[in-house]
Amino acid sequence: MTAGTEMSGPRGTLPREVPSASQDSVPLLEAKGLNVWFGRHRRQALRDVSFRLAPGQRLGLIGQSGSGKSVTALAVMGLLPDTARTTGSIRFEGRELLGAPERALAALRGRDIAMVFQEPMTALDPTMRVGRQAAEAVRLHASATSRATRRRVIEAFAEVELPDPERVADAFPHELSGGQRQRVLLATALLNRPRLILCDEPTTALDVTVQAHVLDLLDRSLAASGAACLFISHDLAVVARVCQDIMVVFDGAIVETGPVARLLANPSHPYTRGLIAAARLDEAAPGSRLPTVEDFLRGTGS
Amino acid sequence: MKRLPLLIGGAMTAVFAFTALLSLFWTPHDPAFVDAAARFTPPSSAHWLGADRMGRDLLSRLMAGAWATLLVGGLAVLSASLIGVPLGVWAGMRRGFLSDIVLRASDILFALPALLLAILLVAVQGASIATATAAIALATLPVFVRMSYSATLAVIAQDYIDAARLGGAGSLAIAWRHVLPNIAPNLGVQASASFSTAILAEAGLSYLGLAAPPTTPTWGRMMRDGQTDLFVNPWPAIVPGLAITVAVLGVNLMGDGLRDILDPRLRELR
């Protein structure tokens, strides 16, 4: 089956039997009352953010740039800079991550939680062959001989449909295209079979056709591995493709959350309404000014 | 054409280094041998570059001087980078009170002129090759600290550092595998720039008699010896002067050429 045929469905044609976050199941990831401040002036980046993510669930985190999407992901990863002050709780399978010793976090990261970065160029070390870089993620978490590691890396590269994975593994990042780099990152993130993958706008830097292909790959890889996903984006269409649930972040706080279908059909927050209106170009009258998110925030939108 | 400066500079530096090494095994004459009959001879078949006021062969002294220059300059830059780069990388990755102290200390060292440092060290330790090397190394140290610090800051902000940390890599592994390879081009360019400065500094110090003892031939001392008879017999002063010029020019050209090729901003374009 080629990628093209799978992309035909409105939201992919993959089984989505994974339940939404029900209150009784043990959450894979649970954030409670998360607050983050930055710098000397204590600028608040996150206000009382709470959410839960069931095993295998895919949650889209959507919001403007600067709204706190990436801060949420970095807080989960424990990668916030030293200038940040954090309160609240982040639990992964019941274990508290905030304030956990660095060694415990290091064991968790990469193995149980992986991350796909936004910029495939800066997420790959320009001085290192990509195969070696991917192998680093394996070697730090599993004692594997380097030949076995290399085989695993090449298999993973083949799984994300990189042409000629052997050659790609020996290439430097600048020798690959943007889509190839992002697929390398995706393959690297999947290498240790993590249970949670954080995607920080993984397709923003790609052009639209490559974006569709990478999303499709992500969709299938998640389905195959059963990993949960926290998907950060400002693009509703992208989130709707991959996720079952959406959480809307505005100015550091979660303003709306729910299943994709309900949220798209019946948005309550002005920001969400604005986003949807801005995406529905087919509904705009020809010749009239296109709606912007700001119109809705000011309350002037229809 | 872009590689022309690198080729010319590299060739000049190679000749310089080869001459210096050759002097350890062979020189046309003994550099210290005094041949009174050859006083002030212009370049001839017996003395290719002539002889100085004491009848010592200039070419032989020039070759021996090249070794002293290479030794002092090379050791100074090597030790400055071996100490300065780890400090700078550490400060860039650590970013705290302790690293601030290191950076301010290096700023203070920056403010002291190399010559003053050298006079200070000579006053305490006496003039020797080791003292001159230490003085030049100390003056070069803050350059490496500051350069590797700022280069590290740029590298450490990249996502692949976060990715490596996510993979569970420790700070030492990140410094070794990701930071150093990425700042290596800057280091190479800085090393060649510092090396040419060190050659000049060594010449200056030995001209002032603050470096090697009088028995060791150095370019700076040769210029000082030749200076007295500059208007009557210019050869003994011109020859080491030209040698210094050629060595510094060669190393500088090489550094420029390296930068053109290694500059990360240009690397993407090719």
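**Two helices and a mixed sheet in chain A**

Hi everyone, let's start with a helix pair in this predicted model: the axes of H7 (residues 178–190) and H8 (residues 208–225) of chain A come within 10 Å and cross at roughly 10°. Axes here are lines fitted to C-alpha atoms, for helices over the stretch in contact, with angles from 0 to 180 degrees between N-to-C directions. That makes H7(A) roughly parallel to H8(A), a label for angles under 35 degrees. Among the residues that meet are A:Leu186 and A:Leu190 from H7(A), and A:Leu217 and A:Leu218 from H8(A); contact means heavy atoms within 4.5 Å.

A word on conventions: helices (H or I, at least four residues) and strands (E, at least two) are DSSP runs, numbered from the N terminus. Residues are numbered from 1 along each chain as its sequence is written, and chains are lettered from A in the order in which they are written. Local features need pLDDT of at least 70, side-chain atom pairs count only at 80 or more, and side-chain values use heavy atoms, leaving out hydrogens and water.

Now the sheet. It is open, with six strands ordered E6-E7-E8-E3-E9-E10 in chain A and mixed pairing; strands pair if DSSP finds at least two bridges between them. E3 (residues 58–62) runs parallel to E9(A), joined by four bridges, and A:Leu61 stands opposite A:Met247. E9 (residues 245–250) and E10 (residues 253–259) of chain A, by contrast, are antiparallel over six bridges. In their hairpin, A:Asp251 takes a positive phi near 55°.

Thanks, happy to chat!

Conventions:
Angles under 35 degrees count as roughly parallel, over 145 as roughly antiparallel, 65 to 115 as roughly perpendicular and the rest as oblique.
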